[in-house]
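Here is a short set of exercises to work through with the model open beside you. Try each task before reading its solution.

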Amino acid sequence: MTGEWLNIFAAPSALAVNMTAQLLSARHGAPLLKSVFTGFAAGLAAVVACAAFSPAGDAAANLAIYAALGYSYFHFVNLGETARRIRLMRELHDSPAPLTRAELQARYPPAEMLELRIQRLVRAGQLREENGRLYVTGKAVSAMAGLLVLAKLLYLGRDRERLE
């Protein structure tokens with residue numbers, strides 16, 4: 001009976017471990033991407049530990065469920081942390097009075113936004129700058145970007161979003 005309960009709660013418990021480890025890692029100064037990977041690894045260790053007490057089929061299912069939960073959590077954290085639309089909505093919500101377009105544009109000049117993104121990529125080890133040129137160094141993010149382009153081609157029939 002204990003094994004059944006362990007199987008039921010293995011993946012959700014591993015997600016709780018993931019979230020806790022990610023939060024602690026971020027609070028101790030780790031960059032966002034590193035804290036997310038740390039959390040995912042901790043949760044993976046937890047679900048693998050549970051797998052030691054489970055039949056092979058249950059262990060494989062729990063690993064797949066945890067992978068899906070971890071992937072979803074990554075995007076939840078990423079959405080809340082970096083999405084411009086969410087940040088924009090928070091700015092508008094937190095403002096004591098409604099803002100004009102000009103006030104928002106002053107807060108988000110394109111050159112500064114680009115510079116912030118480049119700095120984040122350099123800090124995360126995804127880019128390096130040499131003699132004023134930027135080089136891709138992170139294979140994981142580069143692979144993810146390639147998969148997103150492929151997904152857009154498959155689903156949308158194009159590799160870029162159109163503003164219409």
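The exercises below concern a predicted model, and each one comes with a worked solution.

**Exercise 1. Salt bridges**

Find how many salt bridges there are, and work out which parts of the chain the E91 and R107 pair ties together.

*Solution.*
- Start with the cut-off: a side-chain nitrogen of Lys or Arg has to lie within 4 Å of a carboxyl oxygen of Asp or Glu. By this rule, the count is two salt bridges.
- Take E91 and R107. Their side chains form a salt bridge with an N to O distance of 2.4 Å.
- Now place the two partners. E91 belongs to helix α4 (residues 84–94) and R107 to helix α5 (residues 101–107), so this pair ties together parts that are 16 residues apart in sequence.
- Turn to R128 and E130, which also form a salt bridge; their closest N and O atoms are 2.5 Å apart.
- As background, side chains of opposite charge can pair when their charged atoms come close.

**Exercise 2. Exposure of the salt-bridge residues**

Decide whether E91 is buried, partly exposed or exposed, then do likewise for R107, E130 and R128.

*Solution.*
- Recall the limits: buried is under 20% relative accessible area, exposed is over 50%, and partly exposed is in between.
- E91 has a relative accessibility of 25%, so E91 is partly exposed.
- For R107 the relative accessible area is 44%, which makes R107 partly exposed.
- E130, at 39%, is partly exposed, and R128, at 36%, is partly exposed too.

**Exercise 3. Two sides of helix α1**

Compare the settings of W5 and N18, starting from their place in helix α1.

*Solution.*
- Locate W5 in helix α1 and note its relative accessibility of 45%, which counts as partly exposed.
- Look for its partners: W5, I8 and F9 make up a nonpolar surface patch, and together they have about 330 Å² of accessible area.
- Move along to N18, which is found in helix α1. With a relative accessible area of 1%, N18 is buried.
- List what N18 touches. Leaving aside neighbours within four places in sequence, its contacts are G39, F40, G43, Y66, G70 and Y73.

**Exercise 4. The cavity**

Which helices each supply at least two residues of the lining of the largest cavity?

*Solution.*
- Begin with the search of the whole structure, which finds one cavity of 30 Å³ or more. The largest cavity holds about 30 Å³ of space.
- Collect the lining: N7, A10, V47, C50, A51, S54, A59, N62 and L63.
- Assign these residues to helices. At least two lining residues come from each of α1, α2 and α3 (56–82).

**Exercise 5. Around the start of helix α2**

Where does A30 lie, and what does L33 touch beyond residues up to four places away in sequence?

*Solution.*
- A30 sits in the loop between α1 (2–27) and α2 (32–51). Residues up to four places away in sequence are not counted, and A30 then touches S25 and S35.
- Check a longer separation: A30 and R101 are 71 residues apart in sequence, with 35 Å between their C-alpha atoms.
- L33 lies in helix α2. Its C-alpha atom is 9.5 Å from that of Q22, eleven residues away along the chain.
- Finally, setting aside residues up to four places away in sequence, L33 touches F74, Q126 and V141.

How values were computed. Residues are numbered from 1 along each chain as its sequence is written. This is a predicted model: local features need pLDDT of at least 70, side-chain atom pairs count only at pLDDT 80 or more; totals for chains, interfaces and linings use all residues. Side-chain values use heavy atoms; hydrogens and water are left out. Helices (H or I, at least four residues) and strands (E, at least two) are DSSP runs, numbered from the N terminus. Buried means under 20% relative accessible area, exposed over 50%, partly exposed in between (1.4 Å probe, protein chains only). Contact means heavy atoms within 4.5 Å. Patches are made of residues with over 30% relative accessible area and no salt bridge: like charges are joined within 9 Å, nonpolar side chains (Val, Leu, Ile, Met, Phe, Trp, Tyr) within 5 Å. Accessible areas come from the Shrake-Rupley method with a 1.4 Å probe; for residues, only the protein chains shown count as cover. On a 1 Å grid over the protein atoms alone, a cavity is a set of points where a 1.4 Å probe fits but cannot get out, and a pocket is an open set with protein on both sides within 12 Å along at least five of seven lines; lining residues have an atom within 4 Å of a point. Grid points are joined across faces, edges and corners, and a volume is the space filled by probe spheres set on the points.
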